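Open the structure in your viewer and keep the selection tool at hand. This tour goes stop by stop, saying what to select and what is there.

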Amino acid sequence: MAVSMSTAVHLVILSLAFHLSNCDSETGGTDTAEAPHRRFEYKYSFKGPHLTQSDGGIPFWVHTGNAIPSADQIRITPSLRSQKGSVWTKNTVNFENWEAEVTFRVSGRGRMGADGLAMWFTAGQGLEGPVYGAADSWNGVGIFFDSFDNDGKKNNPAILIVGNNGNLVYDHQNDGTTQALGTCLRDFRNKPYPVRAKITYYKKSLTVMINNGFTPDRDDFEFCAKVDNMVIPQEGYFGISAATGGLADDHDVLSFLLFRLTEPGQQQEPAAAEIPDEDKDKYREEFDNFQHELDKKKEEFQKEHPDVQGEAVEDIYETVNDREIRQVFEGQNRIHLEIKQLHRQLAMILDEQRRYVSAVTDEITKQQQAQAPPAPGQAPSLELETVIATQQEVLKNLNELRNAFSETLKQVDATQHEGNAAGAYESVQHFNDIKEHLHVVKRSIEHLAQRNEGPGEKVKCPDPPPMPSCLSTPHFLIFAAVQSVLFIGYVMYRSQQEAAAKKFF
């Protein structure tokens, strides 16, 4: 089976991690005589970058549920409610002793999260189920990172080791404390650095070490729990699963590195024996092609950027400390810009307040000047303008009154000529409209009378212009009375007509 280019890159990265881990084990072996030999197993591991292939799959692994693989990590579950996901090795593992290093991150917005993350070694793939996204009644061992307190004893977040022979049903109500073989309280949520867990199964003993994620030191592990005389299946699958409930967290796994452990003095199997010669030739050929393309891209980059030639790689790329300092400076700059924006808005508000105060002060000054007594024999210009404006308003109101009378006359004519079946109702409606117009006319006349009767000494106004002829008050009253009589007579006439028409039915 042909292997893609991303698989070759993945193998190169895992090989580098293998060499580094071997160096660590050799240096650690000088301190402890009984330290086992470690050999990296790439077929049961994954690590970014280039973690996924072009089709979205993970080499030698299978993912199910809501798991989302990416180039740098695998998001087992996103921060959504009721999500489940898992990743499992495609092939079984038959190592007598082994050690797994898992780097993960559990992050969420709330103070509490749910449900948690689990690492498995079981006889079968528990692709989906109720136990942190994996199947219940498993045959093997599970290391649970429980972030939600189901029993209300305030003993979470916690790490538990739970073994099962295939007949045990997990106790969710008590957070598995009644079934745990080992446990420790560790807060692994929302840490500045990824949390690392080292799970070692050596000479029938299972040990869990935790790096709390407060420092970037990868070797800063502390003891969590140990279970002696731990019996697990001889062959099984490794897996990582996670689940969310009413609360939700992002459960991200950055790497899973598996090492085979052998006792000191025991002959190790040659690593080349596990890879056929045909596969080795394919890997070597693809690696040579990848190296050739990489060299070609380096040459193209140097031609396009001659100013960076001769610089060290460490000077080109940003280190972790430089990135953190840059992020701090960017955050401070954003805060500074927000403060400047608030300062500008506050200055605009103050300017508006000053304009309002100035306008109010000018208005008060004008009112005081208007209330001051004028000089004898001279009328202030402001009062003359007020008189002229009052006269114009009077003319406008009079025109409105004339228009109202004209509309009333039109409605009276329409009422007298109504002859259909709905005439009675519409006549009543017209009569109500006429009454409303009369009230409007009355209020307008009273308003004009109050405006003309100003207190204090009155200024002599010029004679008003000649007004158009209109109805006087007696004529209007006579007209209204006649119209009312006609309306009542019309209503009575219509009632008699309707009563006479009903005799024929």
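The tour starts with the whole chain, then moves to strands, a cavity and a few backbone details.

**Whole protein**

Keep in mind throughout that this is a predicted model. Show everything as a cartoon. The secondary structure comes to 7 helices and 15 strands. Now colour by burial. Of the 505 residues in the protein, 34% are buried. Switch on the surface. About 32000 Å² is exposed, and carbon and sulfur atoms supply 55% of that area. Contacts are next. Among those with a separation of 6 or more, 68% link residues 24 or more positions apart.

**Stop 1: strand S15**

Select residues 250-262, which form strand S15. How many of its residues are buried? The count is 13 of 13, so the strand is mostly covered under a cut-off of less than 20% relative accessible area.

Add the pairing partners one at a time. Begin with S1, residues 37-47. S1 pairs with S15 in the antiparallel sense, over 7 bridges. To see the register, pick Arg39, which stands opposite Arg260 in S15.

Next, select S4, residues 74-77. S4 and S15 are also antiparallel, with 3 bridges between them. Here, Ile74 has Val253 of S15 as its bridge partner.

Then select S6, residues 98-107. S6 runs antiparallel to S15, and 10 bridges join the two. Pick Glu101 and look across to Leu257 in S15, which stands opposite.

**Stop 2: the largest cavity**

Stay with S6 and turn to enclosed space. Rolling a probe the size of a water molecule over the atoms shows where empty space is left. A search of the whole structure finds 3 cavities of 30 Å³ or more. The largest cavity holds about 70 Å³.

Which residues line the largest cavity? Select Trp98, Ala100, Met119, Trp120, Phe121, Val141, Ile143, Ile199, Phe238, Gly239 and Phe256. Four elements give two or more residues each to this lining: S6, S7 (116-122), S8 (139-146) and S14 (237-243). S7 gives the largest share, with 3 residues.

Now colour the lining by class. You should see 10 nonpolar residues, 1 polar residue and no charged ones.

**Stop 3: strand S12 and its partners**

Select residues 205-211, strand S12. Six of its 7 residues are buried, so the strand is largely enclosed by the rest of the structure.

Add S11, residues 195-202. S11 and S12 pair in the antiparallel sense over 7 bridges. Tyr202 stands opposite Ser205 in S12. Zoom in on the turn of this hairpin, where 2 residues sit between the strands. Lys203 takes a positive phi there, near 55°.

Add S13, residues 222-227. S12 and S13 run antiparallel and are joined by 5 bridges. For a landmark, pick Thr207, whose bridge partner in S13 is Lys226.

**Stop 4: two cis peptide bonds**

Show the backbone as sticks. Select Gly48 and Pro49. The bond between Gly48 and Pro49 is cis, with omega about 0°. Pro49 is in the loop between S1 and S2 (61-65).

Move on to Ala114 and Asp115. A cis peptide bond joins this pair too, with omega about -15°. Asp115 is in the loop between S6 and S7, two strands from the cavity stop.

**Stop 5: two positive phi values**

Select Asp175. Its phi is positive, about 55°, although Asp175 is not a glycine. You will find Asp175 in the loop between S9 (158-165) and S10 (182-185). Is Asp175 buried or exposed? Asp175 is buried, because its relative accessible area of 2% falls under the 20% cut-off.

Finish at Asn229. Asn229 is also a residue other than glycine with a positive phi, near 55°. Its place is the loop between S13 and S14. Is Asn229 buried or exposed? Asn229 counts as exposed, because its 68% relative accessibility is over the 50% cut-off.

Terms used. Residues numbered from 1 in each chain as written. Predicted model: local features only at pLDDT ≥ 70, side-chain atom pairs only at ≥ 80, totals over all residues. Heavy atoms only, no water. Buried < 20%, exposed > 50% of the residue type's maximum accessible area, 1.4 Å probe, protein only. Pairing = 2+ DSSP bridges. 1 Å grid on protein atoms, 1.4 Å probe; cavity = no way out; pocket = protein on both sides within 12 Å on 5 of 7 lines; lining within 4 Å. Points joined across faces, edges and corners; volume = space filled by probe spheres on them. Nonpolar A, V, L, I, M, F, W, Y, C, P; charged D, E, K, R; others polar. Contact = heavy atoms within 4.5 Å. Areas by Shrake-Rupley, 256 points an atom, 1.4 Å probe, with all protein chains shown as cover.
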